[in-house]
Amino acid sequence: MDFCKNYPLPDWTVGFEHRSTSVSQLPYEEYTGILEKSASDTNDYRLIRLPNNLVVMCMQDSETETAAAALSVNVGSNMDPVELQGLAHFLEHMLFMGTEKYPDENSFSSFISEHSGDSNAYTQFSKTTFYLGVANDALEGALDRFSSFFTSPLFKRDCVDRELCAVDSEFKGLLTSDFWRSHQIECRLCTSDHPYSKFMPGNIDSLQQSAKDHGLDLHEELLKFYNKHYSSDIMKLVVCGNHALDQLVEWTVSKFSGIKSKGDNVQRIVDHPVTAEFLGKVVYYETVDETHDMRITFPVPDVKAMYRSDPFNYISHLINHEGQGSIMSHLKQKGWATSLGAYTNVGQDKGFGEFSVSIGTTPEGLEHYEDILKVVFAYVRMLVSSGPQEWVHSELSFQAKNGFDYKKKSGAVSQALSYMYLIFNEYVAPEHSLSKDSAYEEFDFDAILHCLSFINPDNFRVFIGATKHKSIDCSEVEPYFGAAYHVASFSADLLSELASNNTHVDGLALPEKNDFMPTDFTIKNTNILGAAPVLRPTLLRLDDNLELWFKQDDQFSTTK
């Protein structure tokens, strides 16, 4: 199911030229092509590559009140040894516990907090991200301490027990999270030797106790894991501040070039964790919160390479439509649903993804979940028979472009994390490092049909969550979170009916074209900018049916 193999990786050797930093004359490479950026973006950018192959986006934001940095490494729970699940997360914690240059385990956090900052980190399936925000005048000191995480960490043995307790405490905080409870059930109900089946958060039992059971020294295994997997070749870095780009580059090259290059050792996953034996099932699970949820999931290919056409965005847009003729409109009329969301979960994972239709149901709707399935599949059949519509794609492309061109500037940390996400997709070309999410320009008829082919009655399962299920004994227990669940197979009659072209639901239709898409973004009355602000709006109309006030923007000169 490795759909990306049909798309070549962009050539990141083209367009880079050798440079030296302005002060220390340290070598690096700079991308000399044009970075596509928003029409309203006042930042300046420099995309560089260090001698150790670390790719960095330096960003000068002259208006920012804080500086920021974010670094991601292409290592997550997917790389955890089976006997030490949660090791990547544990490593994330231990990196904060002192370095050769700054041996005090509180040195980094104290410096950040003393300079009006904050820092954090998180571990995901296939990457771990570290980030910080700090006062602009403290950025150099923050980068010096931050970079030493990856050049000279101490991994003090006497910190192991304390950080194990921190990891375990985080895990215990998730025990009542219905998201994590259902997620771990989903991981349990897939191929047991697939990395996705692992226990991502980790706890004392999966780390300390399991190490003892297998005759392992947890501290030694931590060092082995770091030394093997943490390589500059599979890292990306974003640095943001109000400093000149030459200064940001100087600091970045001097402080991060010391990270060791160990080659690209990323584990490439081509098999999907949800195989045929796990499909055609309904999974009932008990929730902590008083809720009624139904999630229909379909194993799909990794389509990150198709960001210029993004076929699943087209599909999810139509399924998410709530107007006349939509799935949601039909379910609301029946009194079966209160919310609906369709989305693709691909993220940074390698080789597989999942398309989900998540429905917040009423108690009555949960009893009619089979009828809801019939509506969903009838709508998908309608999308297939109608064929992909270029006007739908054009509307989405237009909205994405306008949202990009006139987006509101976010804080430094948010910008750093956002651009980190963009450059971490190995299929994104250098010129799209800032604009990937708006580069939705190609209408690919065949790709949309191909992706629709995965949303079929032979390729799905359903998760149903409620505090209690009528006539269902949730006797199985997920071992980490203690969530009770029960797995049942769909009847052959239901699967046959879902697959039948004769199953019809009245009223389902594509949305109407949006005639209210804006085309003129000219700012009116710009001559009033700089004048004394008008304090009160003008009353334009007042009658028995309407009170209408208007005030022209005279301060910001933006389109919204």
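This report describes two sets of paired strands, the helices packed on one of them, and a nonpolar surface patch in a predicted model.

## The seven-stranded sheet

An open sheet is built from seven strands, which follow the order E11-E12-E10-E13-E9-E15-E14 with mixed pairing. Its edges are strand E11 (337–345) and strand E14 (476–477); each has a single partner strand, so one side of each has no neighbour in the sheet.

At the E14 edge, E14 and strand E15 (residues 484–489) run antiparallel and are joined by two bridges. Val 477 has Ala 484 of E15 as its bridge partner.

## Helices on the sheet

Helix H5 (residues 178–188) packs on this sheet and touches strand E9 (281–286), strand E10 (292–300), strand E12 (353–361), strand E13 (461–466) and E15. The direction of H5 makes about 145° with that of E9.

Helix H12 (residues 369–386) also packs on the sheet, where it touches E9, E10, E12 and E13. The direction of H12 makes about 45° with that of E10.

## Strand E4 and its partners

Strands of a sheet pair through backbone hydrogen bonds, in either the parallel or the antiparallel sense. Strand E4 (residues 55–60) takes part in both kinds of pairing: antiparallel with strand E3 (residues 44–49), and parallel with strand E8 (residues 235–241). Six bridges link E3 and E4, and six bridges link E4 and E8. On the E3 side, Tyr 45 has Met 59 of E4 as its bridge partner. On the E8 side, the bridge partner of Val 56 is Leu 237.

E3 and E4 form a hairpin with five residues between the strands. In this hairpin, Asn 53 takes a positive phi near 75°.

## Burial of E4

Strand E4 is mostly covered, with six of its six residues buried. In a regular strand, side chains alternate between the two faces of the sheet. One side of E4 carries Val 55, Met 57 and Met 59, and the other carries Val 56, Cys 58 and Gln 60; the residues on both sides are all buried. Met 59, the bridge partner of Tyr 45, is thus listed with Val 55 and Met 57 on one covered face.

## A nonpolar surface patch

Leu 540, Leu 546, Leu 548 and Phe 550 make a nonpolar surface patch of about 350 Å². One of these residues, Leu 540, lies in strand E16 (residues 538–542). Leu 540 counts as exposed because its relative accessibility is 53%, and the cut-off for exposed is over 50%.

How values were computed: Residues are numbered from 1 along each chain as its sequence is written. This is a predicted model: local features need pLDDT of at least 70, side-chain atom pairs count only at pLDDT 80 or more; totals for chains, interfaces and linings use all residues. Side-chain values use heavy atoms; hydrogens and water are left out. Patches are made of residues with over 30% relative accessible area and no salt bridge: like charges are joined within 9 Å, nonpolar side chains (Val, Leu, Ile, Met, Phe, Trp, Tyr) within 5 Å. Accessible areas come from the Shrake-Rupley method with a 1.4 Å probe; for residues, only the protein chains shown count as cover. A salt bridge is a side-chain nitrogen of Lys or Arg within 4 Å of a carboxyl oxygen of Asp or Glu. Helices (H or I, at least four residues) and strands (E, at least two) are DSSP runs, numbered from the N terminus. Buried means under 20% relative accessible area, exposed over 50%, partly exposed in between (1.4 Å probe, protein chains only). Two strands pair if DSSP finds at least two bridges between them. Contact means heavy atoms within 4.5 Å. Axes are lines fitted to C-alpha atoms, for helices over the stretch in contact, and angles run from 0 to 180 degrees between N-to-C directions.
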